[in-house]
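Subject: Handing over the structure

Dear colleague,

Please find below the structure that I am handing over to you, with the sequence alongside. My notes on what was found in it follow.

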Amino acid sequence: MEIIPTLLWCLLACLSNTHPTHWSRVETEYNQGWPSYLADEPSEYHDLPLSWALNTTIPAWLQGSYVKNGPGQRKFGDDRHYSSYLDSWGKLHKFTFNGDQVTVSGRMIETANFNKSVSKGKMVPTITLAHVQPNDWNMFEIMEGAVNGFDNTNVMLWKLGPADKNTGTYISTTDFPYVHEMDPDTLAVKRKWGLNELTDGISMGSCAHWRREAGKDSSLNYHMIYNPLTLRPVFCPL
């Protein structure tokens, strides 16, 4: 049933004509190094030890892991690439602190559409925020993209439940109304979660930035539920 919101998103994108966005590639004295800093880095690695150039030590009280989500890959084997870094496929980086030892791990968020592009060696049509370069989707690819939908949860990693690692749930998020449950050890995708469109309604969007409820283990967010009577979304907190 998730085809319904993706079709609505695709229709809105076609009607609003949001794709003709242009980005400056000109480097100036105060704007340098971004192409290399934001270049694709889809490789997978685990628990690589980090060393420090400065003669400093890691505080003994610093224990645990810090996991960050963000864009990691915006092109595949063909000549197409996403014009916006917001469409780049998400990658998790995990820094683990254990005494004076610090390690880093990295892995792409291997969603269904990401795996399709990897297996085919080219960019598979999906719903995107901005246009694709050098040739944007044609009408047939737009229809294919509507079927594939959007599953690029590349914004945040959030912990649901209590602080205990073994009892909570880790999700990768975006503003689209679906999330992926992630394995915090292997950084692998476990499953995709979303609302039941028959019982919960059709969500047109949510928020990537969850908030912890004060004094509790629960988290707060909202959905924009489509109202077929008014043809408008309705704000619904959860």
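I begin with helix 3 (residues 112-120), whose buried residues are Asn113, Phe114 and Ser117; buried here means under 20% relative accessible area, exposed over 50%, and partly exposed in between (1.4 Å probe, protein chains only), while helices (H or I, at least four residues) and strands (E, at least two) are DSSP runs numbered from the N terminus. Seen down the axis of helix 3, these buried residues fall within an arc of 105°, so they line one face of the helix, the arc being that of the directions from the helix axis to the C-beta atoms.

Before going further, please bear in mind that this is a predicted model, in which local features need pLDDT of at least 70 and side-chain atom pairs count only at pLDDT 80 or more, whereas totals for chains, interfaces and linings use all residues. Residues are numbered from 1 along each chain as its sequence is written, and side-chain values use heavy atoms, with hydrogens and water left out.

The cover over the buried residues of helix 3 includes strand 2 (64-73), strand 4 (89-98), strand 5 (101-108) and helix 4 (139-148), where contact means heavy atoms within 4.5 Å. Lys116 is also in helix 3, but at 34% relative accessibility Lys116 counts as partly exposed. Leaving aside neighbours within four places in sequence, Lys116 is in contact with Val124 and Asn148, and the C-alpha atoms of Lys116 and Asn148, which are 32 residues apart along the chain, are separated by 9.8 Å. Just after helix 3, Gly121 takes a positive phi of about 70°.

Phe114 of helix 3 also belongs to the largest nonpolar core, which has 8 residues in all, the others being Phe76, Tyr82, Trp89, Met108, Met123, Val132 and Trp137; a nonpolar core is a set of buried Ala, Val, Leu, Ile, Met, Phe, Trp, Tyr and Cys residues joined through side-chain atoms within 4.5 Å. Not counting residues up to four places away in sequence, Met123 touches a set of residues that includes Phe76, Tyr82, Val132 and Trp137, along with Arg80 and Ser117. A second, separate core of 6 residues includes Leu92, Leu157, Met182 and Leu187.

Turning to charged pairs, the structure holds 8 salt bridges, a salt bridge being a side-chain nitrogen of Lys or Arg within 4 Å of a carboxyl oxygen of Asp or Glu. One of them joins Arg107 and Glu44 (3.7 Å, N to O); Arg107 lies in strand 5 and Glu44 in the loop between helix 2 (34-37) and strand 1 (45-49), so the pair ties together parts that are 63 residues apart in sequence. Arg107 is buried, with a relative accessible area of 15%, whereas Glu44 counts as partly exposed at 43%, and both are linked with Glu110 in a network of salt bridges.

Arg80 forms a salt bridge with Glu141, the closest N and O atoms being 2.9 Å apart, and this pair links distant parts of the chain, with Arg80 in the loop between strand 2 and strand 3 (81-82) and Glu141 in helix 4, 61 residues apart. Both Arg80 and Glu141 are buried.

Finally, Thr174 is found in the loop between strand 8 (169-173) and strand 9 (178-182), and at 10% relative accessibility Thr174 counts as buried.

With kind regards
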